[in-house]
Amino acid sequence: MAGGIVHTELVGVLRDVVGPAGWLDPTDAVGMVVDFRGLFSGEPVAIVRPGTVDEVRAVVRACAATGVAIVTQGGNTSLSGGSVPTDDRPSVLLSTSRMNRILSVDPARFTITAEAGCTIEQVQQAAAAVGLQLGMDWGARGTATVGGAVSTNAGGLNVLRYGPARDSVLGLEAVLADGEVFDGLRALRKDSTGYDLKHLFIGGEGSVGVVTRVVLRLHPRQDHHRTMFAALSELEAIHELFAMACARDHAGLTAFELVPEIGVAGTISTFGVTRPLATEAEWYLLARFSGTSPVDTTVEGFLVDAVDAGLVVDAAVAGTAVQEENLWMMRDELPPETLFDAKGAKFDAAVPIDRLAEFQRAAEAMVTEMCGDDGLVYSFGHLGDGNLHLYVVSSLERGSRMDPVLVDEVTAAIDGLIRDMGGTVSAEHGVGQELLDRVGRQKSAVELDLMRRVKAALDPDDLFNPGRGAHCAPVPEVEAAEAT
Ligand SMILES: Cc1cc2nc3c(=O)[nH]c(=O)nc-3n(C[C@H](O)[C@H](O)[C@H](O)COP(=O)(O)OP(=O)(O)OC[C@H]3O[C@@H](n4cnc5c(N)ncnc54)[C@H](O)[C@@H]3O)c2cc1C
């Protein structure tokens, strides 16, 4: 009851802080309390949409005074359940959706300064308007925000060329647990004056502060690019193909993606797009070369070499913007949740880049042995980063659901495979709520302890996103016993 009174008072304070424009009744914002995949949800004490840094500070101070947690939400496209309220503890959902202004674009410095709630697409468009481009890009670009991308250290389609979100951030500003502001909003390329504190917030999944503004690095726009779609002779060709593409023009290779035939067939039947090649293969390569001058010779040379070496059996190069858009649909729409509404075991695995085909084949063998006809491996991903989005589903029938016990068994087995291959269970989707146990088995007790100490130093009362993020992962039993 006391909690109820405290929350009623808090709600009153928060309403005053953010005003009518920043106030949302949870019953009017159902989409904000459930995650993108419909797996996690929670009931917040309140949903606030502060419009300024000062309002964020006031929200943080009011919550800290009452011990009510804060879960920060950007576009709510998290694929690990990190962006929705928790029911484990009373929490306020702080949405950055009103902090969505581009503050400055500076072509001389190759930088853009944006509020955390700007979408990736908004930043891409502002950069394009001055003849520059942002390094970051992925399918959820129209909804995912700068704050979310920074907080998950998002990857995407251009990591090969521009690195993950961490490499795009030059500076950031964040509101801390005591309401103070960390002003790291610098646009410097180099600064060796001690710990680079912005990195605690990058990939921090909202656990150490609310990121409010970010300075992002921009790049010269590459007006010339060619996207190609190639049928592979076999999956095992990919590493040699990658080496061949890098040798031809490493700096110009901006995407190198793996697409399965089952995904192509699903995209064609769902969206009615035209099949890009007459030849059907089990696997395809979707790749792009870009440059400030024409790249046609590069693409042609690469494909001729690839065909001569027997790695590619057929290929098409997009000649128009429409053709290019169609090819990218074969990649953007691939997750089985979106294409088939099929749910099962999900892996955002990264392994050393030369072991990707080996990983896929080993996972297929495991699934055949464990599930027989009740399991199907569906993979696609960022070949050039060694990052495979691998799903195990019972079938690609619309709405299929895999037996939860089998999901757990398959998850444990394939996670073991990832660890044995020196990989990670979360290459770019963060840890959120979903991967806590799984990431705990990947980290040493010492590493987890260091993370906890960082969290305790910055957020001693566990105000921000409690129970989410790698620092909350349980120490595996064997490690815990050895440590005592
Ligand atoms: C169709 C689709 C395709 C995708 N493809 C990719 C891909 O290729 N690569 C990839 O990396 N990801 C991908 N994602 C995942 C997702 O888009 C990214 O994780 C993205 O960075 C999340 O941004 P968001 O604004 O939606 O953040 P949210 O989902 O709202 O939040 C994600 C996490 O960041 C925290 N957070 C958000 N904003 C802030 C802030 N201002 N301050 C502090 N913490 C904050 C949240 O608390 C949460 O822990 C995809 C998602 C979808 C739906």
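The following dialogue discusses how to read several features of this predicted model.

Biologist: Into which domains is the protein divided?

Modeller: The assignment gives domain 1 (2-95), domain 2 (102-220), domain 3 (224-332), domain 4 (336-420) and domain 5 (436-483).

Biologist: How many residues of domain 1 are in contact with domain 2?

Modeller: On the side of domain 1 there are 14 residues, in contact with 19 residues of domain 2. Two elements, α3 (53-66) and β3, each give two or more residues to the domain 1 side. The largest share, 6 residues, comes from α3. By class, this side of domain 1 has 6 nonpolar, 6 polar and 2 charged residues. The centres of the two domains, taken over C-alpha atoms, are separated by 23 Å.

Biologist: Which residues come nearest to the ligand?

Modeller: The shell around the ligand holds 34 residues, of which Gly74, Gly82, Gly147, Gly148 and Gly206 come nearest. Two or more residues are given by each of β3 (69-73), α5 (146-152) and β10 (210-220). Helix α5 provides the largest share, 5 residues. Both domain 1 and domain 2 contribute at least three residues to this shell.

Biologist: What is the make-up of the shell around the ligand by class?

Modeller: The shell has 21 polar, 11 nonpolar and 2 charged residues.

Biologist: I should now like to read the sheet. In what order do its strands stand?

Modeller: As a general idea, the strands of a sheet pair through backbone hydrogen bonds, either parallel or antiparallel. In this structure, 7 strands form an open sheet in the order β14-β11-β13-β12-β16-β17-β15, with antiparallel pairing. The edges are β14 (312-317) and β15 (345-350); each has a single partner strand, so one side of each is left without a neighbour in the sheet. From one strand to the next, the twist averages 15°.

Biologist: How many bridges join β15 to β17?

Modeller: There are 6 bridges between β15 and β17 (residues 387-393), and these strands run antiparallel. Phe347 stands opposite Leu390 in β17.

Biologist: Which helices accompany these strands?

Modeller: Helix α15 (residues 404-420) packs on the sheet and touches β15 and β17, its direction making about 10° with that of β15. Helix α10 (residues 261-271) lies across β12 (253-260), β13 (283-291) and β16 (376-382), and runs at about 85° to β12.

Biologist: At what angle do α9 and α11 pack?

Modeller: Helix α9 (residues 238-249) and helix α11 (residues 296-308) pack at about 145°, with axes 10 Å apart. Their crossing is right-handed. Leu241, Met244, Ala245, Arg248 and Asp249 in α9 meet Thr298, Gly301, Phe302, Asp305 and Ala306 in α11. By class, this contact has 5 nonpolar, 2 polar and 3 charged residues.

Methods: Residues numbered from 1 in each chain as written. Predicted model: local features only at pLDDT ≥ 70, side-chain atom pairs only at ≥ 80, totals over all residues. Near = placed C-beta within 6 Å. Helix = DSSP H or I, 4+ residues; strand = E, 2+ residues; numbered from the N terminus. Nonpolar A, V, L, I, M, F, W, Y, C, P; charged D, E, K, R; others polar. Domains from an automatic or database assignment. Axes fitted to C-alpha atoms, helices over the stretch in contact; angles between N-to-C directions. Left-handed = near helix turned anticlockwise from the far one by under 90°. Contact = placed C-beta atoms within 7 Å. Pairing = 2+ DSSP bridges.
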